[in-house]
Amino acid sequence: CGVFGVVGVTDAANFVALGLHALQHRGQEAGGIVTHDPKTGFNQARRMGLVRDNFTSADTMEELPGSIGIGHVRYSTAGNKGQTAMRDVQPFFGEFSMGGAAIAHNGNITNAVALRRELIERGSIFQSSSDSECIIHLMARSMGRQIPDRMEEALRKVEGAFSIVAMTRTKLIGCRDPLGVRPLVLGKIGDGWALASETCALDIIGAEFIREIEAGEMVVATDKGVESHFPFRTKKSRFCIFEHVYFSRPDSILGGRSVYETRENIGRELAKEAAVDADIVCPVPDSGTPAAIGYSLQSGIPYAMGIIRNNYMGRTFIEPTEQIRNMGVRLKLNVNRALIKDKRVILVDDSVVRGTTSRKIKEMILDAGAAEVHFRIASPPTAWPCFYGVDTPQREKLLAATMSEDEMRKHLGVDSLRFISLNGLYRAVGEAEGRNNASPAYCDACFSGEYPVAPSDMIEQGFQP
Ligand code: 5GP
Ligand code: SF4
Ligand code: MG
């Protein structure tokens with residue numbers, strides 16, 4: 001998901017809509033905006049579908065007056081998977097004795113099932129199926145005097161990954177879980193402040209990127225300035241390494257470096273680790289593009305656009321059912337036949353999850369008359385599900401969970417298949433020594449199976465990490 005918030009600007013809702021539009025790659029199922037205006041109080045609009053289809057009409061935007069606002073774009077990882085119900089669309093809103101508050105959450109709460117059970121037993125009335133709603137109920141039960149105090153107390157009971165943007169009548173609040181698994185950045189716009197999942201959402205509104213919110217940090221921004229504190233026991237941060245590989249937009253800055261540059265490095269590492277003789281290097285667009293450029297630069301094999309993408313489709317992976325996902329590849333990608341014919345082709349993609357995309361693309365490329373197809377993947381084999389906010393399927397559906405690399409190669413029907421090593425990936429994201437196995441710098445659970453936060457709900461349901 002993507003979260004965004006702004007305080008201290010005229011017509012905050014316009015900024016929020018733009019910010020969410022820049023974060024649309026983080027979730028396309030639904031979106032919502034909450035604002036506050038002294039005359040009208042809290043205002044909200046929550047809709048299914050894309051930001052550009054919902055938050056551009058004058059009518060909707062007129063219903064969202066105020067100089068403070070937050071928003072959310074949703075991609076379901078918990079609750080009703082792939083079938084967002086209206087009641088699951090964020091931000092969530094709660095009324096407390098000291099006033100209302102709205103919250104937007106990116107991540108996934110790993111003890112949400114247990115918390116929900118406990119809260120329901122004690123009388124909480126849940127409105128949605130979303131894990132994030134627990135936070136509002138925990139806040140309602142807190143005795144804290146101010147809303148940020150209540151949020152702090154609530155979040156101390158929550159396990160897992162959370163980057164949160166919340167608001168009261170006058171305060172914009174941002175918070176990251178103790179490991180800082182999901183991103184969150186702070187920006188300055190005029191006399192106001194903005195919080196966003198990624199810096200590309202600051203760029204679109206012309207805000208200046210100030211810094212990342214740190215792991216375990218909570219900030220409270222008002223028109224008077226920004227206060228920061230660290231309400232949780234501090235731990236070494238474990239940012240999601242897959243944000244670098246796939247999830248974030250290439251024009252965002254993460255950990256002080258451009259995501260694009262990191263992805264190009266990943267491609268270079270891959271070329272060093274898994275060289276092969278070929279005529280052209282083609283990306284699977286768009287997710288494989290920067291890594292393919294890096295691979296081409298490192299290997300000296302020319303880069304070419306062998307696959308053309310129709311930009312009017314969403315990301316295939318996010319489409320809900322298997323059937324739509326299968327069609328999705330063809331609807332979105334087509335082979336540039338004239339270029340491919342009789343060539344030995346290196347195809348670069350960011351990841352193999354179910355293997356659906358790779359299989360379809362290989363078929364399309366061979367149909368077009370390619371002489372050889374070599375797959376190069378910019379992440380290690382995805383062998384474990386993510387429980388921290390990226391929607392990887394159950395373990396059984398992950399190709400790498402059930403097959404060796406050679407079995408995968410045969411299953412995909414390609415001449416060769418190589419993944420970047422975990423160490424190579426760490427080098428590419430800036431860890432010169434590779435992965436420090438005693439204390440890794442990132443979360444890499446979907447590749448290593450080492451979960452930095454025990455996924456306790458899933459363990460209760462029988463999952464074995
Ligand atoms: P597959 O077809 O192997 O199931 O999925 C791989 C493709 O899905 C890649 O091209 C990748 O860009 C895309 N993808 C989209 N969302 C995700 C995600 O959340 N996780 C992973 N690993 N890949 C994703
Ligand atoms: Fe990111 Fe993978 Fe960790 Fe999920 S399991 S937070 S996708 S590195
Ligand atoms: Mg892709």
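Pro-91 sits in the loop between β4 (68–74) and β5 (92–96), where helices (H or I, at least four residues) and strands (E, at least two) are DSSP runs numbered from the N terminus. The peptide bond leading into Pro-91 from Gln-90 is cis, with omega near 0°. This is a predicted model, in which local features need pLDDT of at least 70, side-chain atom pairs count only at pLDDT 80 or more, and totals for chains, interfaces and linings use all residues. Residues are numbered from 1 along each chain as its sequence is written, while chains are lettered from A and ligands numbered from 1 in the order in which they are written.

Another cis peptide bond joins Pro-285 and Asp-286, with omega about -10°. Asp-286 belongs to the loop between β17 (280–283) and α10 (289–299). As background, most peptide bonds are trans, and most residues other than glycine have a negative phi. Asp-11 goes the other way, with a positive phi of about 50°, and is placed in the loop between β1 (2–7) and α1. Asp-342 also has a positive phi, near 65°, in the loop between α12 (337–340) and β20 (344–349).

How exposed are these two aspartates? A residue is buried if 20 or more other C-beta atoms lie within 10 Å of its own, exposed if 12 or fewer, and partly exposed in between, with C-beta atoms placed from the backbone. Asp-11 has 17 C-beta neighbours inside 10 Å, so it counts as partly exposed. Asp-342 has 10 C-beta neighbours inside 10 Å and therefore counts as exposed.The domain assignment, automatic or taken from a database, gives domain 1 (2–237) and domain 2 (262–434). Their C-alpha centres lie 33 Å apart. The largest nonpolar core (a set of buried Ala, Val, Leu, Ile, Met, Phe, Trp, Tyr and Cys residues joined through C-beta atoms within 7 Å) has 136 residues, of which Phe-4, Val-16, Ala-166 and Val-345 touch the most other members. Helix α1 (residues 12–22) supplies the largest share of this core, eight residues, and each of the two domains gives at least three.

Ligand 2 is surrounded by residues including Val-181, Phe-242, Tyr-388, Asp-444 and Cys-446; here a residue is near a molecule if its C-beta atom, placed from the backbone, lies within 6 Å of it. Two or more shell residues come from each of α8 (241–247) and α17 (445–448). The shell divides into ten nonpolar residues, no polar and one charged, counting Ala, Val, Leu, Ile, Met, Phe, Trp, Tyr, Cys and Pro as nonpolar, Asp, Glu, Lys and Arg as charged, and the others, Gly among them, as polar.
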